[in-house]
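Thanks for coming. I will go through one structure today, taking the contacts in turn.

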Amino acid sequence: MTSLDVFIRHDPAGDTIPLVLDSPHSGTTYPQAFDHAPARAIVRQAEDTHVATLWRAAPSFGATLLEARFPRAFIDPNRGLDDVDPDLLADPWPHPIAPSRKTMQGIGLVWRMAGDGVPMYARKLTSTEVMARIDHYWRPYHAELDALLDTRFIRFGSVWHINCHSMPAVGDARADDPGRERADFVLGDRDGSTCEPGFTHLVAETLRHMGYAVAINDPYKGVEIVRKHGRPAEGRHSLQLEIKRTLYMDEQTFEPSAGFLRLEADLARLTATIATHIRERVGIAPSRDTDAASGA
Ligand SMILES: [Zn+2]
């Protein structure tokens, strides 16, 4: 198992700033061990397809982009390790479990249900199978993200993190907003608890000035990854950012649409604005230097 099966890390092209983006749900490399029952096109509805590609300019502004390679429906990095679904398993789970409401809907750490409400598997999984997914995918992804954020925090005294996702244009039956057309972007800071309010405001206002409709904490407040990393009182700022898929792709074919390039350019402009904010906050000179050799 190489890290290339698990993630790709896109390092800063120039001088590093304390900004880390991660795309936990855009992986499209389906492991042999998945053994899902429905057609691949149905399973793929769980993906945040193309999200890492949309943000690919971020390293040119000094940010680091972590891209998951494995599919979210196989094992979801945005769920806690105790978020295990007992109905998925053929044998008892040997650790404490605390299934969330999402798990009871079949979309927990390992999805029991695919889109359209069809079962993901034709059989029960063994605890050993699920633990292998945790050890080979979930843990290495989290270890890399933990290390990136810690390294930036130690070097700069603060760190900003954007947890990058996409969402269907209209909520399905399992969503908190079934049948409702969504805003272009939904920012989630768990009701102001995972980053400084000024950061959420900066991102929202920058997008609104570009002409996008932006909602905050509705219907997505942020889940496991921003909950884990967002501690604004300590200088650790974590924001979940959801993009409406119809801005950039065909939700049926998964192909990029005519809007893809415009959105990608707007996200690059947003990243530039965020980078300026962060440079001011931590006292990095605004001009580019060739600091790449200093690593970290
Ligand atoms: Zn997602």
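Let me start with a question: is Arg-281 buried, partly exposed or exposed? Arg-281 has a relative accessible area of 44%, so it counts as partly exposed. Before going further, please keep in mind that this is a predicted model.

Arg-281 has a charged partner. Its side chain meets that of Glu-196 in a salt bridge, at 2.5 Å from N to O. This pair connects distant parts of the chain, with Arg-281 in helix H8 and Glu-196 in the loop between strand E5 (185–188) and helix H6 (197–209), 85 residues apart. Glu-196, at a relative accessible area of 13%, is buried, whereas Arg-281 is partly exposed.

Helix H8 takes part in another such link. Glu-264, in helix H8 (residues 260–282), pairs with Arg-56, which lies in the loop between helix H3 (51–54) and strand E3 (64–68), and the two are 208 residues apart. The salt bridge between Arg-56 and Glu-264 spans 2.7 Å, N to O. Here, too, burial is uneven: Arg-56 is partly exposed at 48% relative accessibility, while Glu-264 is buried at 14%.

A further salt bridge is that of Arg-182 with Asp-177, whose closest N and O atoms are 2.7 Å apart. In this case both Arg-182 and Asp-177 are buried. The count of salt bridges comes to 26. Some share partners: Arg-9, Asp-11 and Glu-144 are joined into one network in this way.

Now the metal. Which residues are the protein donors of the zinc ion? They are His-25 through ND1, Asp-48 through OD and His-165 through ND1, at 2.0 to 2.1 Å from the ion. The spacing of these donor residues in sequence is H-x22-D-x116-H. Asp-48 is in the loop between helix H2 (40–43) and H3, and His-165 is in strand E4 (residues 159–167), so this pair ties together parts 117 residues apart in sequence. Asp-48 and His-165 are both buried.

Strand E4 brings us to the strand pairing. E4 pairs with E7 in the parallel sense, over 9 bridges. One of the bridge partners is Ile-243 in E7, which goes with Ser-166. How many of the residues of E7 are buried? The number is 9 of the 9, so E7 is largely enclosed by the rest of the structure. Taken by side, Arg-236, Ser-238, Gln-240, Glu-242 and Lys-244 point one way from E7, and His-237, Leu-239, Leu-241 and Ile-243 point the other way. You will see charged residue types in that list, and they are buried along with the others.

E7 also pairs with E5, this time antiparallel, through 4 bridges. Gly-188 stands opposite Gln-240 in E7. E5 itself is covered on both faces, with Phe-185 and Leu-187 buried on one side and Val-186 and Gly-188 buried on the other. E5 is joined to strand E6 (residues 214–216) as well, by 3 bridges, and those two strands run parallel. Within that pairing, Phe-185 has Val-214 as its bridge partner in E6.

One residue from a helix, for packing. Ile-225 lies in helix H7 (residues 224–229), and at 0% relative accessibility it counts as buried. Beyond its neighbours within four places in sequence, Ile-225 is in contact with several residues, among them Asp-22, Pro-77, His-142, His-161 and Ser-238. The C-alpha atoms of Ile-225 and Ile-162 are 9.9 Å apart, with their positions 63 residues apart along the chain.

Last, the rings. The whole structure has 8 aromatic pairs. Tyr-248 and Phe-260 make an edge-to-face pair, with 6.2 Å between centres and 70° between planes. Tyr-248 sits in the loop between strand E7 (236–244) and H8, and Phe-260 in helix H8, so the pair ties together parts 12 residues apart in sequence. Tyr-248 is buried at 0% relative accessibility, and Phe-260 is buried at 7%. Elsewhere, ring pairs link Tyr-30, Phe-34, Phe-70, Phe-74, Tyr-121, Tyr-137 and Tyr-141 into a cluster.

A member of that cluster, Tyr-30, has the charged end of Arg-40 over its ring, 4.2 Å from the centre. Arg-44 likewise lies over the face of Phe-254, at 4.4 Å from the ring centre.

Terms used: Residues numbered from 1 in each chain as written. Predicted model: local features only at pLDDT ≥ 70, side-chain atom pairs only at ≥ 80, totals over all residues. Heavy atoms only, no water. Salt bridge = Lys/Arg side-chain N within 4 Å of Asp/Glu carboxyl O. Buried < 20%, exposed > 50% of the residue type's maximum accessible area, 1.4 Å probe, protein only. Donors = N, O, S within 2.8 Å, 3.2 Å for Na, K, Ca; no water. Contact = heavy atoms within 4.5 Å. Phe/Tyr/Trp six-rings, centres within 6.5 Å; stacked < 30°, edge-to-face > 60°. Lys NZ or Arg CZ within 6 Å of the ring centre and 35° of its normal. Pairing = 2+ DSSP bridges.
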